[in-house]
Amino acid sequence: MAEVLVLVDHAGGQVRKTTSELLTIARRLGEPSAVFVGDGYDEAKATLAAYGAQKTYRATSTDLTEYLVVPQAELLAQLVQKTSPAAVLIASSAEGKEVAARLAVKTGSGLITDAVDVQAGSGGGVETTQSVFAGSYTVTATVTEGTPIVTVKPNSATPEQSESQPVEEVVEFAASDAAKTARITATAPREKTGRPELTEAAIVVSGGRGTAGDFSKVEDFADALGAAVGASRAAVDAGWYPHASQVGQTGKQVSPQLYVACGISGAIQHRAGMQTSKTIIAVNKDEEAPIFELVDFGVVGDLFAVLPQATAAVEAKKG
């Protein structure tokens, strides 16, 4: 059975949920092999084993962490040439998609980005599903040249544990001179909010123009649900919420199990970032708002009246 390379998404050895999802998907296609870059492998290896990695490629070269994404693409290209994998799976983040694009060029392979499902094709190979043009179309695609390089949106699979004892292999790697033209000069951890990362959260509660700049009720409801907080472009452009929390075509694309849109009209720009959510609820006092065309459940009402009641109901249920 061919290997399936999974680039591990982690922060100092703390493996993100996206990686457990990718390892789960990889088991559908072949034997998962995790590619770990940077420090923290000792902290990460238990998680990789728990989700079925049969092998781990561990690269410790400082070239991989001192420079931007090009060395990672070179490392993966080296492994693709060595292992001839059935596919390479990468988390669909901004960095992940850049690594994937460069890898596709280096290996002469087809690239599929933002997949929401990945399965073994009936005739062999890899078959992916994408939601495109702001969710207006669902596309099934396969790679016809080289190794399938696929970036997968977070929350596209339910992580399933499968205990393994992965074989560890240290990979010798040195980046080319061309890969060293953009050095990372400083990094700083993002300020912690106590909430889940927006793109990884199972539940997202977002606020828009209808908040009038007061996100307190949105945040209270999100905290009651253990959810991440998002914002529409209108709210971000008005300076009401940080750009890092923007959901939409020019912000982050999310695909949680539950998405709650509060005071958001549902412009096409916003829908492009959240339309693949499994269940969508909207709270808006305008019953003609376009968001209601999209939702599974809609509440016509003022979010400042609706959300406190919903928050109280959730807290009562928990208590």
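## Two sheets and two helix pairs

Nine strands form an open sheet in this predicted model, in the order β9-β8-β7-β10-β6-β1-β4-β5-β11, and their pairing is mixed. The edges of this sheet are β9 (137-142) and β11 (167-170). Each of them has a single partner strand, so one side of each is left without a neighbour in the sheet. From one strand to the next, the twist averages 35 degrees.

To find your way into this sheet, you can look at strand β1 (residues 3-7) and strand β6 (residues 87-91), which run parallel and are joined by 3 bridges. One residue pair to look for here is L5 with V88, its bridge partner in β6.

### How confident is the prediction?

Before going further, a word on confidence. The protein chain has a mean pLDDT of 93, and 99% of its residues reach 70 or more. Which elements have the lowest and the highest mean pLDDT? Strand β2 (residues 10-11) has the lowest, at 89, while strand β14 (residues 258-262) has the highest, at 98.

### The sheet of five strands

Strand β14 leads us to another open sheet, this one of 5 strands with parallel pairing, in the order β13-β12-β14-β15-β16. Which strands stand at the edges of it? They are β13 (228-231) and β16 (297-300); each has a single partner strand, so one side of each is left without a neighbour in the sheet. Here the twist averages 15 degrees from one strand to the next.

Within this sheet, β14 runs parallel to strand β15 (residues 279-284), and 5 bridges join the two. C262 has V283 in β15 as its bridge partner. Helix α6 (residues 216-225) packs on the sheet and touches β12 (203-207), β13 and β14. The direction of α6 makes about 175 degrees with that of β12.

### Two packed helix pairs

Helix α6 also packs with another helix, and a separate pair is formed by α4 and α5. Here are both pairs side by side.

| Helix pair | Angle | Distance between axes |
|---|---|---|
| α4 (residues 70-83) and α5 (residues 94-107) | about 50 degrees | 8 Å |
| α6 and α9 (residues 303-318) | about 20 degrees | 9 Å |

Let's take α4 and α5 to begin with. They pack at an angle of about 50 degrees, which makes α4 oblique to α5. Their crossing is right-handed. On the α4 side, the residues that meet α5 are V70, Q72, A73, E74, L76, A77 and V80; on the α5 side they are E95, V99, R102, L103, K106 and T107. The residues of this contact divide into 7 nonpolar, 2 polar and 4 charged.

Now for α6 and α9. Their angle is about 20 degrees, so α6 counts as roughly parallel to α9. Is the crossing left-handed or right-handed? α6 passes α9 in a left-handed crossing. From α6, the residues K217, V218, D220, F221, D223, A224 and L225 take part, and they meet F304, L307, P308, A310, T311, V314, E315 and K318 in α9. By class, the contact of α6 with α9 has 9 nonpolar, 1 polar and 5 charged residues.

Helix α6 is thus a good place to pause in the structure: it touches β12, β13 and β14 of the sheet, and it packs with α9.

Terms used. Residues are numbered from 1 along each chain as its sequence is written. This is a predicted model: local features need pLDDT of at least 70, side-chain atom pairs count only at pLDDT 80 or more; totals for chains, interfaces and linings use all residues. Side-chain values use heavy atoms; hydrogens and water are left out. pLDDT is the predictor's confidence in each residue, from 0 to 100. Helices (H or I, at least four residues) and strands (E, at least two) are DSSP runs, numbered from the N terminus. Two strands pair if DSSP finds at least two bridges between them. Axes are lines fitted to C-alpha atoms, for helices over the stretch in contact, and angles run from 0 to 180 degrees between N-to-C directions. Contact means heavy atoms within 4.5 Å. Angles under 35 degrees count as roughly parallel, over 145 as roughly antiparallel, 65 to 115 as roughly perpendicular and the rest as oblique. A crossing is left-handed if the near helix is turned anticlockwise from the far one by less than a right angle, and right-handed if clockwise. Ala, Val, Leu, Ile, Met, Phe, Trp, Tyr, Cys and Pro count as nonpolar, Asp, Glu, Lys and Arg as charged, and the others, Gly among them, as polar.
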